[in-house]
Amino acid sequence: MENGNLALVDELAMDSYVDHEEGLPGQPAGKDGVKFFVNTMRSAFPDIKVKEIAPSLSAGNMEACHVILTGTHRGELAGIPATGRSVEFDCTDIIRVEDGKVAEHWGTTDNMKLMQQIGAMATNMVVVATYWLSFEYVRNPRKYSEQQAIADALARGCYQVLSMVGPYLCGET
């Protein structure tokens, strides 16, 4: 991914390549999906590089590794404009090899950690709180002419948002 050589995707992956990892918004299936992912990540993090690959395991036609990536957020990612912030996040990848090429991929990427580092969590919290308040209003529109009812709805919305994201919040201030 570091050098963005998309020809390697065609060289190293089978035409019938299947990716079982959840894709980015708009990411197509197959080898085109890998190219989309690489282009998206390199656009968002032009200096993306592998900091560490360990441990690496191999058994039969299966291989696995844990990768730590670093980069600087200099382009849009999933609707979040460039922040200039440095990021470090990890991925775990498992591949099945057939005839010397990658046939299948399973993986996880710590998207929550990545989004926290570029400040997307706060934006997402505001969006969820706004939807919550809209839901409260639709449930009982007449009630929201009273100040106390509005304050109570806001408190419930904040509680709901924090309940969802609380486990992911870090000690960073």
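**Exercise 1. Strand pairing around β3**

In this predicted model, 11 bridges join β3 to β4, and the two strands run antiparallel. Determine how many bridges join β2 to β3 and in which direction these strands run.

*Solution.*
Step 1. Strand β2 covers residues 49-59, and 8 bridges join it to β3. The orientation of β2 and β3 is antiparallel.
Step 2. Individual partners can then be located. On the β2 side, K49 stands opposite T70 of β3. On the β4 side, A64 has I94 as its bridge partner.
Step 3. The turn of the hairpin formed by β2 and β3 has 2 residues between the strands, and G60 adopts a positive phi near 60° there.
Step 4. The burial of the strand completes the description: 8 of the 11 residues of β3 are buried, so that the strand is mostly covered.

**Exercise 2. The overall arrangement**

State how many helices and strands the protein has, and give the pattern that they follow along the sequence.

*Solution.*
Step 1. The protein has 5 helices and 5 strands.
Step 2. Along the sequence, these elements follow the pattern α-β-α-β-β-β-β-α-α-α.
Step 3. Of the 173 residues, 28% count as buried. The accessible surface amounts to about 10800 Å², and carbon and sulfur atoms account for 57% of that area.
Step 4. Contacts can also be sorted by sequence separation. Among those between residues at least 6 apart, 53% join residues at least 24 apart.

**Exercise 3. The largest nonpolar core**

Identify which residues of the largest nonpolar core touch the most other members, and which elements each supply at least two residues of this core.

*Solution.*
Step 1. The core contains 16 residues, and those touching the most other members are M41, F45, L77, F89, L114 and I118.
Step 2. Helix α2 (30-44), strand β3 (62-72), strand β4 (86-98) and helix α3 (111-117) each contribute at least two residues to this core.
Step 3. The contacts of F45 illustrate the packing. Beyond residues up to four places away in sequence, F45 touches G71, T72, H73, L77, V87, L114 and I118.
Step 4. A general tendency provides context: in soluble globular proteins, nonpolar side chains tend to be buried together.

**Exercise 4. The aromatic pair**

The structure holds 1 aromatic pair. Determine why the pair formed by F45 and F89 is classed as tilted.

*Solution.*
Step 1. The ring centres of F45 and F89 are 6.4 Å apart and the ring planes meet at 45°, so the pair is tilted.
Step 2. F45 belongs to the loop between α2 and β2, whereas F89 belongs to strand β4; the pair therefore ties together parts that are 44 residues apart in sequence.
Step 3. Both F45 and F89 are buried.

**Exercise 5. T72 and M115**

Decide whether T72 is buried or exposed, and do likewise for M115: buried or exposed?

*Solution.*
Step 1. T72 is placed in strand β3. Its relative accessibility is 9%, and therefore T72 counts as buried.
Step 2. Apart from neighbours within four places in sequence, T72 is in contact with A44, F45, P46, D47, G84, R85 and S86.
Step 3. M115 lies in helix α3. Its relative accessibility is 17%, so M115 counts as buried.
Step 4. M115 and I80 are 35 residues apart along the chain, and their C-alpha atoms are separated by 9.1 Å.

**Exercise 6. Cysteines**

Explain why C65 and C91 form no disulfide bond.

*Solution.*
Step 1. The cysteine sulfur closest to that of C65 is in C91, at 8.9 Å.
Step 2. A disulfide requires sulfur atoms within 2.5 Å. The separation of 8.9 Å is therefore too far for a bond.
Step 3. The count of disulfides is accordingly 0.
Step 4. At 8% relative accessibility, C91 counts as buried.

**Exercise 7. Positive phi outside glycine**

Where are A78 and D99 found, and what phi does each residue have?

*Solution.*
Step 1. The background is that most residues other than glycine have a negative phi.
Step 2. A78, found in the loop between β3 and β4, has a positive phi of about 50° although it is not a glycine. Its relative accessibility is 52%, so A78 counts as exposed.
Step 3. D99, found in the loop between β4 and β5 (101-109), has a positive phi near 55°. At 71% relative accessibility, D99 counts as exposed.

Key: Residues are numbered from 1 along each chain as its sequence is written. This is a predicted model: local features need pLDDT of at least 70, side-chain atom pairs count only at pLDDT 80 or more; totals for chains, interfaces and linings use all residues. Side-chain values use heavy atoms; hydrogens and water are left out. A nonpolar core is a set of buried Ala, Val, Leu, Ile, Met, Phe, Trp, Tyr and Cys residues joined through side-chain atoms within 4.5 Å. Buried means under 20% relative accessible area, exposed over 50%, partly exposed in between (1.4 Å probe, protein chains only). Helices (H or I, at least four residues) and strands (E, at least two) are DSSP runs, numbered from the N terminus. Contact means heavy atoms within 4.5 Å. Two strands pair if DSSP finds at least two bridges between them. Rings of Phe, Tyr and Trp (its six-membered ring) pair if their centres lie within 6.5 Å; planes under 30 degrees apart count as stacked, over 60 as edge-to-face and the rest as tilted. Accessible areas come from the Shrake-Rupley method with a 1.4 Å probe; for residues, only the protein chains shown count as cover.
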